[in-house]
Amino acid sequence: MSKALVPTVKESFLSVVREVVYDQATILGRVGELGRRIDSDYRGRDLLVVGILKGAFVFTCDLIRSIPSPVGLDFISVSRYHPGRDQGRVRILKDLQGEIAGRHLLLVEDIIDTGLTVHSLLGLLSRRKPASITVCTLLDRRDLRLVEVPIRYAGFQASAEFLIGYGLDYRDRYRNLPYIASMDLDAERVRISQPDEPVRDSLLVYQAG
Ligand code: PRP
């Protein structure tokens with residue numbers, strides 16, 4: 001029998017983790033439920049799953065593997081919205097690779113807060129005449145909502161605490177934590193104030209300069 005690969009959690013993560021909010025098993029159980037619902041809702045239709053980079057990449061990977069029927073996959077990347085500028089609209093930084101006219105789109109988010117990112121994307125993508133667009137988010141933070149967005153599939157309702165892991169970041173770090181945790185921002189300040197460890201010779205592949 002093959003040995004299961006269990007991701008290890010590095011010590012350096014632990015100082016910034018205040019509390020594990022959703023562990024791996026809980027996340028994967030819920031993702032499995034969402035996948036089965038999506039499969040039964042879309043069976044026999046041309047479904048294109050669209051992950052919104054970067055945060056949703058981990059969730060999207062697990063979600064598509066929990067949908068037994070064949071689905072298409074694409075990713076889109078958008079600029080961060082500025083609530084006071086352009087009415088909070090986002091710009092596309094990396095567009096979808098294929099045409100979406102006539103296809104059923106499932107937009108996948110890791111978290112929805114104000115709703116501005118998804119609201120803006122729904123406007124942009126609906127102009128390309130897909131057959132339908134629905135929204136799936138792992139975490140829904142309703143308390144922070146500024147615009148209403150139609151969420152068909154939601155994993156968990158989340159509180160306003162700062163969350164990292166399973167794709168969620170703090171300054172582009174901690175996305176690789178295998179669980180979702182609340183973050184101790186003071187511990188992060190201490191961590192970044194400490195000097196980097198010297199690079200060990202055995203790790204030295206290339207050093208600039
Ligand atoms: C996060 C998250 C959503 C968005 C949700 O992305 O992944 O895309 O914010 O916020 P909203 O509902 O208030 O619009 P972020 O801009 O942090 O980029 P990232 O996905 O690269 O982490």
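Is Y174 buried or exposed? Y174 is buried, since 20 other C-beta atoms lie within 10 Å and 20 or more is what it takes to count as buried. Keep in mind that this is a predicted model. Its chain has five helices and nine strands, and buried residues account for 28% of the 209 residues. Here's the rundown, by topic.

**Overall layout**

- Reading from the N terminus, the elements go α-β-α-β-α-β-β-β-α-β-β-β-β-α.
- Take the contacts in the chain between residues at least 6 apart in sequence: 67% of them join residues at least 24 apart.

**The three-stranded sheet**

- There's an open sheet of three strands, ordered β1-β9-β8, with antiparallel pairing.
- β1 (17-22) and β8 (163-164) each have a single partner strand, so they stand at the edges and one side of each has no neighbour in the sheet.
- The pairing of β8 with β9 (residues 180-183) is antiparallel and runs over two bridges.
- Across that pairing, L163 sits opposite S182 of β9.
- As a reminder, strands in a sheet pair through backbone hydrogen bonds, in either a parallel or an antiparallel way.

**The loop between β8 and β9**

- Two residues here deserve a look if you check backbone torsions: R171 is in the loop between β8 and β9, and so is Y174.
- R171 isn't a glycine, yet its phi is positive, at about 50°.
- Y174 also has a positive phi without being a glycine, with a value near 75°.
- Their surroundings are worth setting side by side: R171 is exposed, with 7 other C-beta atoms within 10 Å, whereas Y174 is buried, with 20.
- For R171, the label follows because 12 or fewer such atoms counts as exposed.

**Around the ligand**

- The shell around the ligand holds 15 residues, and the ones that come nearest are K54, G55, D113, T114 and T117.
- Two elements, β5 (104-112) and α4 (116-126), give two or more residues to this shell.
- β5 has the largest share of it, with four residues.
- By residue type, the shell splits into five nonpolar, four polar and six charged.
- K54, one of the nearest residues, belongs to the loop between β2 (47-53) and α3 (57-65).
- K54 is also half of a cis peptide bond: the bond joins L53 and K54, with omega at about -5°.

**Helix α3 and its packing**

- Following that loop along to α3, you'll find V58, F59, T60 and L63 buried in the helix.
- The buried residues of α3 pack against α2 (24-42), β2, β5 and β6 (132-140).

**The largest nonpolar core**

- This core has 42 residues, and F59, L106, L107, V108, L163 and I180 are the members that touch the most others.
- β5 gives the most to the core, with six residues.
- That puts β5 in two places on this list: it makes the top contribution to the core and has the largest share of the ligand shell.
- F59 also turns up twice, as a buried residue of α3 and among the core residues that touch the most other members.
- Leaving out residues up to four places away in sequence, I180 touches V21, Y22, I27, L163, G165, Y166 and L168.
- L163, one of those I180 contacts, is the β8 residue that stands opposite S182.

Definitions and conventions: Residues are numbered from 1 along each chain as its sequence is written. This is a predicted model: local features need pLDDT of at least 70, side-chain atom pairs count only at pLDDT 80 or more; totals for chains, interfaces and linings use all residues. Two strands pair if DSSP finds at least two bridges between them. A residue is near a molecule or strand if its C-beta atom, placed from the backbone, lies within 6 Å of it. Ala, Val, Leu, Ile, Met, Phe, Trp, Tyr, Cys and Pro count as nonpolar, Asp, Glu, Lys and Arg as charged, and the others, Gly among them, as polar. Two residues are in contact if their C-beta atoms, placed from the backbone, lie within 7 Å. A nonpolar core is a set of buried Ala, Val, Leu, Ile, Met, Phe, Trp, Tyr and Cys residues joined through C-beta atoms within 7 Å.
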